[in-house]
Amino acid sequence: MSVKKIQSALISVYYKDGLAPIIQELHKNGVTLYSTGGTQSFIEELGIPVIAVEDLTGYPSIFGGRVKTLHPKVFGGILHRRDLASDVEVAKQYDIPALDLVMVDLYPFEETVASGASDEDIIEKIDIGGISLIRGGAKNFNDVLIVSSRDQYAEVAAIFAAHGSTSTTLEERRSFAGKAFQVSSHYDGAIQRYFAGQTADLANYTTLPAHGLRYGENPHQQGKFYGDLAALFDKLHGKELSYNNLVDVDACLSLLDEFKETAFVIIKHMNACGVATGTTVKEAYDKALSCDPISAFGGVLATNNTVDKAAAESINPLFCEILIAPDFTEEALEILKTKKNRILLKRNQVAFPKVMFKTLLNGVLEQDKDLVMEGVEDFKTVTKRVPTDEQKRALAFALKICKHTKSNTIILANDGQLLASGVGQTSRVDALKQAIDKAKEFGFDLNGAVMASDAFFPFPDCVEIAGNAGIVAVTQPGGSIKDQDSIDYCDANDLAMVMTGIRHFKH
């Protein structure tokens, strides 16, 4: 099992939280400690002897602290192979001590960028010595335990406790080496993104923080999420998020972010089953729920305004997996927390990536996110009848939902409320019929409503079916060689139609 006892350690960390118990355990086991700067002072304040790295190397910290540990006596102590006679001989010749433990974290580069600091301050937070120590310790995991983050302190303490000494196995050292390379990869990725003006490196997603999930899409599939959920949400209540939860949360927020006015979105299996705007969160929720209260059961809910007591009282009877809001009043939380498994997430404003990736076949697809959202000003009326201002607002509302609904899709709406949708059908006619049937099932009168389609109509059948159901205005991208057939039908039957020139397929 190759158990090795730590005899000496180099400790130089930015964050000292949770460090003291490890220092004390090392001292109790007779480990020789080497350190620098603030960490050296921290150890001395614990009343524990420590050797300054400057005393080991014979060089002071120079260039404003830019060069402290970059020296053969430090890196030789980490990298020389204890089971190779020639390495041991060189170490002895140059009086290089064997460093069995390296505890180093990195300057807070990402935090400094996020704080809005100057370019000069950000550049100074690019760690050189630390990243080199981490890589050196990880490379020589056969002899060295590398602790590369304060998040690992508790695990180190647990290993020492399990062994009853400051000892580690080869398997443990190898595990920490893997974590160290993940830390260094993530750190280098953050620096690269800063210079490239990017916010996230999804192409190298394994450099992002990893969150284990209970399982994937189904219980027989494993699942992980790579990303910083803690930056995006403050989890206020409920169970852990699952794979399917996260998929629906993404769909929910992507649609919600199309709205500036108070809005409420209910998502089930990545598609909206309720969307509405209102003067209050309660009004928006009540309108959204009425669209399809059956599908809303077990859904993911989100609003872009504070959930107050009135909204919470209206929402609480519904069984839902997740409720997301920018804030909750104390009275609202008291009500909503009565359901122990309901997940309550307070959303923080975090920029989303502008690219998407999907694995398929033996490779990966990449594309820009669909960031285009046409509004009333982009409408081109192609019929004799011009939609009213209210109908134009309804069409713009319907398009927002259409963009985020699985193709083929048809959205039926009025100004500020989804009435019904046809989702993921192989025929656009079937999508329309599905939407009409659902609207009737939940008691909506489609007379005066509008329709949005994610792609063009190859035939006039959809506008004919819609007109017979009471629809008065239609939006579609246009582009069919038979566009004129649909326009002619609308003109003959007093329907308004606008074209946008933008298709929103969602596969």
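In the predicted model, Phe-397 is buried, with a relative accessible area of 4%. Phe-259 is likewise assigned to the buried class, its relative accessible area being 6%. Both values fall under the 20% limit that defines a buried residue. The structure contains eight aromatic pairs. In one of them, the rings of Phe-259 and Phe-397 have centres 5.6 Å apart and planes at 55°, and the pair is therefore tilted. Phe-259 belongs to the loop between helix H12 (243-256) and strand E11 (263-268), while Phe-397 belongs to helix H17 (residues 389-403), so the pair ties together parts of the chain that are 138 residues apart in sequence.

A further tilted pair is formed by Phe-297 and Phe-319, with 4.9 Å from centre to centre and 45° between the planes. Here the two residues come from loops: Phe-297 from the loop between helix H14 (293-296) and strand E13 (299-303), and Phe-319 from the loop between helix H15 (309-315) and strand E14 (320-325). The pair thus ties together parts that are 22 residues apart in sequence. Phe-319 has a relative accessibility of 41% and counts as partly exposed. Elsewhere, one aromatic cluster is made up of Phe-109, Tyr-187, Tyr-194 and Phe-195.

Aromatic rings also take part in arrangements with charged side chains. The ring of Tyr-15 has the charged end of Arg-150 over it, at 3.7 Å from the ring centre. The face of Phe-176 is covered in a similar manner by Lys-179, which lies 4.6 Å from the centre of the ring. Phe-176 and Lys-179 both recur among the contacts of Gln-152. Gln-152 is located in the loop between strand E6 (145-147) and helix H9 (153-163). With a relative accessibility of 7%, Gln-152 is classed as buried. When residues up to four places away in sequence are not counted, Gln-152 touches Ile-146, Val-147, Phe-176, Lys-179 and Val-183. In contrast to these contacts, Met-497 is separated from Gln-152 by 345 residues in sequence and by 61 Å in space, C-alpha to C-alpha.

Two helix pairs were examined for their packing. Helix H4 (residues 72-79) packs with helix H8 (residues 129-139) at an angle of about 25°, and the axes are 8 Å apart. The two helices are therefore roughly parallel to each other, since an angle under 35 degrees is placed in that class. On the H4 side, the contact is made by Val-74, Phe-75, Ile-78 and Leu-79; on the H8 side, by Gly-129, Ser-132, Leu-133, Gly-136, Gly-137 and Lys-139. By class, the contact of H4 with H8 comprises five nonpolar, four polar and one charged residue. The count of polar residues reflects the rule that Gly is placed in the polar class. The buried residues of H4 are Val-74, Phe-75, Gly-76, Gly-77 and Ile-78. The elements covering these buried residues include strand E2 (8-12), helix H3 (53-57), strand E5 (101-104) and H8. In general, an α-helix has 3.6 residues a turn, so residues three or four places apart point the same way.

Helix H18 (residues 428-441) and helix H19 (residues 461-469) pack at an angle of about 10°, with 9 Å between their axes. This angle makes H18 roughly parallel to H19. H18 contributes Arg-428, Val-429, Leu-432, Lys-433 and Ile-436 to the contact, and H19 contributes Asp-461, Cys-462, Ile-465, Ala-466 and Ala-469. The residues of the contact of H18 with H19 divide into seven nonpolar, no polar and three charged.

Two further positions complete the description. Gly-422 is part of strand E20 (residues 417-422) and is buried, with a relative accessible area of 0%. Apart from residues up to four places away in sequence, Gly-422 touches Asn-408, Thr-409, Ile-410, Ala-431, Gln-434 and Ala-435. Gly-189 lies 233 residues from Gly-422 in sequence and 42 Å from Gly-422 in space, C-alpha to C-alpha. Ile-502, by contrast, is found in the segment after strand E23 (496-499) and, at 30% relative accessibility, counts as partly exposed. Beyond its neighbours within four places in sequence, Ile-502 is in contact with Val-372, Glu-374 and Pro-477. The separation between Ile-502 and Gly-216 is 286 residues in sequence and 34 Å in space, C-alpha to C-alpha.

Terms used. Residues numbered from 1 in each chain as written. Predicted model: local features only at pLDDT ≥ 70, side-chain atom pairs only at ≥ 80, totals over all residues. Heavy atoms only, no water. Phe/Tyr/Trp six-rings, centres within 6.5 Å; stacked < 30°, edge-to-face > 60°. Helix = DSSP H or I, 4+ residues; strand = E, 2+ residues; numbered from the N terminus. Buried < 20%, exposed > 50% of the residue type's maximum accessible area, 1.4 Å probe, protein only. Lys NZ or Arg CZ within 6 Å of the ring centre and 35° of its normal. Axes fitted to C-alpha atoms, helices over the stretch in contact; angles between N-to-C directions. Parallel < 35°, antiparallel > 145°, perpendicular 65-115°, else oblique. Contact = heavy atoms within 4.5 Å.
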